[in-house]
Amino acid sequence: MTQTRAALRPTVLTALLAALLSVLLAPAPASAASLQEVTGFGSNPGALKMYRYVPDGLPAGRSVVVALHGCTQNAAGYASGTGWTTLADRWGFSVVLPQQQSGNNLSQCFNWFDPADIGRGQGEAASVAQMVDRQLADVSGDPSRVYVTGLSAGGGMTAVMMAAYPEKFAAGGVVAGLPYGCAQAAGTAYVCMFVGATQTPAQWGDRVRAARPGYTGPWPALTVFQGTADYTVRPANMTALVDQWTNVHGADRTADVADTVAGYPHRVYRGPAGNAVVETYSLTGMGHGQPVDPGSGDAQCGAAGAYFLDVNLCAAYRLGKAWQLG
């Protein structure tokens, strides 16, 4: 037995050395994609910054998601906190991340309430539209599969982009945001946020139609996520969004699907052609923030933090599935 063990030692040592050398000499893994700033993307009348995330080796013809951060946030934090960059790697699409500057708004909120920034061809809305054009050109993206989403002020700007540039977006996702033209309807942004504006569905719809005169469609579909305990942007704004966009699409305000997803009330409103035009998630007990569900499961994404609320439902994942990104 002693002789057998001694005989085996050189063989074992040789194997261990070979394994060690194979690790040391193996080629380094390819570096992962990272967030990159893009300059010179257009006249940029809104004086915004453009960042983007493009997965390594992304082929041409893929979707583009525009993700707009909330107040006090920035592009990098929103990219990782929401889970959008993780999903981009998993499913194969690129992400455009506009960033507000303090010179435009001290709290770094997108100016969803300022007439100078929400009209077609002007201000921040025009800057975001220029970012979309630049991204599509640079990555040879699919112009028929561009989507826009955002949190809070970014959600308000999402509705702006859907109204002012409907031809650029197949769908939008508003998270704790506001309907287009809300500040004007309510008198001030704060009344709109804390109380809500009183408008009929037709009046809400007219505000969208006035943003793009003569446009005959198709209009982007809308998904809304709203916490029932949100005291910063009241749930009345989700009701107004439903009224606004069902009217724009010629749909009634009776949900065609009423069920639960991850335990939360979920509604789907279909248009005259039978397609889903408005979808809502009412996050029971959730405050003001982006719904996330940290973890490694298939439906999980995002990271908990300030205004990223772990409620066992990831808004980015739900939007990605609705938009058939993966």
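Residues count as buried under 20% relative accessible area, as exposed over 50%, and as partly exposed in between. On that scale D138, with a relative accessible area of 36%, is partly exposed. The structure described here is a predicted model, and the paragraphs below follow its salt bridges, disulfides and aromatic pairs in turn.

We may begin with charge. Side chains of opposite charge can pair when their charged atoms come close. Across the whole structure, a search returns 7 salt bridges. One of them brings together the side chains of R52 and D138, with an N to O distance of 2.8 Å. Because R52 belongs to strand β2 (residues 49-53) and D138 to helix α5 (residues 123-139), this bridge ties together parts of the chain that are 86 residues apart in sequence. The two partners sit in unlike surroundings: R52 has a relative accessibility of 17% and therefore counts as buried, whereas D138, at 36%, is partly exposed.

D138 also has a second partner. A salt bridge connects D138 with R134, and here the closest N and O atoms are 2.5 Å apart. This pair is local, since both D138 and R134 lie in helix α5, 4 residues apart, or about one turn of the helix. R134 is partly exposed, its relative accessible area being 25%.

Another salt bridge is found between the side chains of E167 and R212, at 3.3 Å from N to O. It connects two loops that are 45 residues apart: E167 lies between α6 (153-164) and β6 (171-175), and R212 between α9 (201-211) and β7 (221-227). E167 is partly exposed, with 34% relative accessible area. As for shared partners, salt bridges join R52, R134 and D138 into one network.

Covalent links come next. The structure contains 3 disulfides. If the bonded cysteines are counted along the chain, the pairing follows the pattern 1-2, 3-4, 5-6.

In one of these disulfides, C71 is joined to C109 with an S to S distance of 2.0 Å. The torsion about its S-S bond is about 125°, so the link between C71 and C109 is right-handed. Distant parts of the chain are linked here, as C71 occupies the loop between β3 (64-68) and α2 (75-82) while C109 occupies the loop between β4 (94-99) and α4 (115-118), 38 residues apart. The two cysteines fall on either side of the 20% cut-off for burial: C71, at 22% relative accessibility, counts as partly exposed, and C109, at 11%, counts as buried.

A further disulfide is formed by C182 and C192, whose sulfur atoms are 1.7 Å apart. Its torsion of about 105° about the S-S bond makes the disulfide of C182 and C192 right-handed. This link runs between two helices, with C182 in α7 (residues 182-186) and C192 in α8 (residues 189-194), 10 residues apart. Both of these cysteines are buried.

The sulfur atoms of C301 and C314 are 1.8 Å apart and also form a disulfide. With -95° about the S-S bond, the link of C301 and C314 is left-handed. C301 is placed in the loop between β11 (290-292) and β12 (308-310), and C314 in the loop between β12 and α11 (315-322), 13 residues apart. C301 and C314 are both buried.

Finally, the aromatic side chains. The search of the whole structure yields 10 aromatic pairs. Among them are Y147 and W323, whose ring centres lie 4.7 Å apart with planes at 10°, so the pair is stacked. Y147 is in strand β5 (residues 146-151) and W323 in the segment after α11, so the stacked rings tie together parts that are 176 residues apart in sequence. Both partners are buried, Y147 with a relative accessible area of 6% and W323 at 5% relative accessibility.

A contrasting geometry is seen for Y215 and W219. Their ring centres are 4.9 Å apart and their planes stand at 85°, so this pair is edge-to-face. Y215 counts as buried at 17% relative accessibility, and W219 likewise at 14%. Beyond individual pairs, ring contacts link W84, F93, Y147 and W323 into a cluster, which places the stacked pair of Y147 and W323 among the members of that group.

Methods:
Residues are numbered from 1 along each chain as its sequence is written. This is a predicted model: local features need pLDDT of at least 70, side-chain atom pairs count only at pLDDT 80 or more; totals for chains, interfaces and linings use all residues. Side-chain values use heavy atoms; hydrogens and water are left out. A salt bridge is a side-chain nitrogen of Lys or Arg within 4 Å of a carboxyl oxygen of Asp or Glu. Buried means under 20% relative accessible area, exposed over 50%, partly exposed in between (1.4 Å probe, protein chains only). A disulfide is a pair of cysteine sulfur atoms within 2.5 Å. Rings of Phe, Tyr and Trp (its six-membered ring) pair if their centres lie within 6.5 Å; planes under 30 degrees apart count as stacked, over 60 as edge-to-face and the rest as tilted.
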